[in-house]
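Colleague: I am still learning how to read a fold. Please choose a single part of this model and take me through it slowly, saying what each term means as you go.

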Amino acid sequence: MRSRTALWFECKIQYEKTVEDGLQKKVTEAYTVDALSFTEAEQRITEELSSYISGQFDIKDIKIAPYKEIFFADEDSADRWYKVKLQFITIDEKTEKEKRSNVNYLVNAGTLNGAVKNIDEAMGGTMIDYVIAAVSETSLMDVFEYNKKTEQNDKPEFEQ
């Protein structure tokens, strides 16, 4: 399991898809991309999907994703994305009362139980007290992280 903290954007894409009966149906799918700005997110989702979608597609919405961090699983069966809401537990030094703060994560897994296992593994190495407040499957089709190979190929020849 590996994680990435970055600026993530959720993109909704609409296009004509050929369904099982051979008819064309307009579908809307959600994806998440790693980008530095809305403009770059639009460029990245266009590049990523142009090899998967034949024909024209429209970007219907781009917004900053509500995730603090994304955890990627390495198993082949990890084909779903789960939104996991953690509550971090701290003690207020002045009032000595318990305080809980909510943080959302995106976790790659094959099942809901797998998502819980993956978040527990990721958080197990920390000293933070937490409670899993909610786990829900998202409608995300895929997450595209920034490709380091692309970054290396963008360097001038004399730097490679």
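Modeller: The answer below looks closely at one sheet and at the helix that lies across it.

First, some care about the source: this is a predicted model, in which local features need pLDDT of at least 70 and side-chain atom pairs count only at pLDDT 80 or more, whereas totals for chains, interfaces and linings use all residues. Residues are numbered from 1 along each chain as its sequence is written, and side-chain values use heavy atoms, with hydrogens and water left out.

The protein chain holds 3 helices and 9 strands, where helices (H or I, at least four residues) and strands (E, at least two) are DSSP runs numbered from the N terminus. Read from that end, the elements follow one another as β-β-β-α-β-β-β-β-α-β-β-α. Of the 160 residues, 34% count as buried, a word that here means under 20% relative accessible area, with exposed meaning over 50% and partly exposed lying in between (1.4 Å probe, protein chains only). Among the contacts (heavy atoms within 4.5 Å) with a separation of 6 or more, 66% join residues 24 or more positions apart.

The part I have chosen is an open sheet of 4 strands, which stand in the order 4-2-3-9 with mixed pairing; two strands are said to pair if DSSP finds at least two bridges between them. At the edges of this sheet are strand 4 (57–64) and strand 9 (140–144), each of which pairs on one side only. Neighbouring strands are turned against each other by 25° on average, direction ignored; the axes behind such angles are lines fitted to C-alpha atoms, for helices over the stretch in contact, and angles run from 0 to 180 degrees between N-to-C directions.

Now follow strand 4 inwards. Strand 2 (residues 8–18) pairs with strand 4 over 7 bridges in the antiparallel sense, and one place to find this pairing is Ile13, whose bridge partner in strand 4 is Ile59. In general, strands of a sheet pair through backbone hydrogen bonds, either parallel or antiparallel.

Strand 4 also contains Ile64, which counts as partly exposed because its relative accessibility is 46%. Ile64 is 57 residues away from Leu7 in sequence, yet the two C-alpha atoms are 7.5 Å apart in space. Once neighbours within four places in sequence are left aside, Ile64 is in contact with Leu7, Trp8, Phe9 and Phe38.

Across this sheet lies helix 1 (residues 38–50), which passes over strand 2, strand 3 (24–34), strand 4 and strand 9 and runs at about 135° to strand 4. Its length can be checked: at 1.5 Å a residue, the 13 residues of helix 1 should span 18 Å, and the end C-alpha atoms are indeed 18 Å apart, so the two values agree; the expected span is 1.5 Å times one less than the number of residues.

Which residues of helix 1 are buried? They are Glu40, Ala41, Arg44, Ile45 and Leu49. Seen down the helix axis, these buried residues fall within an arc of 145°, so they line one face of helix 1; the arc is taken from the directions that lead from the helix axis to the C-beta atoms. The buried residues pack against strand 2, strand 3, strand 4 and strand 9, and these are the strands of the open sheet with the order 4-2-3-9.
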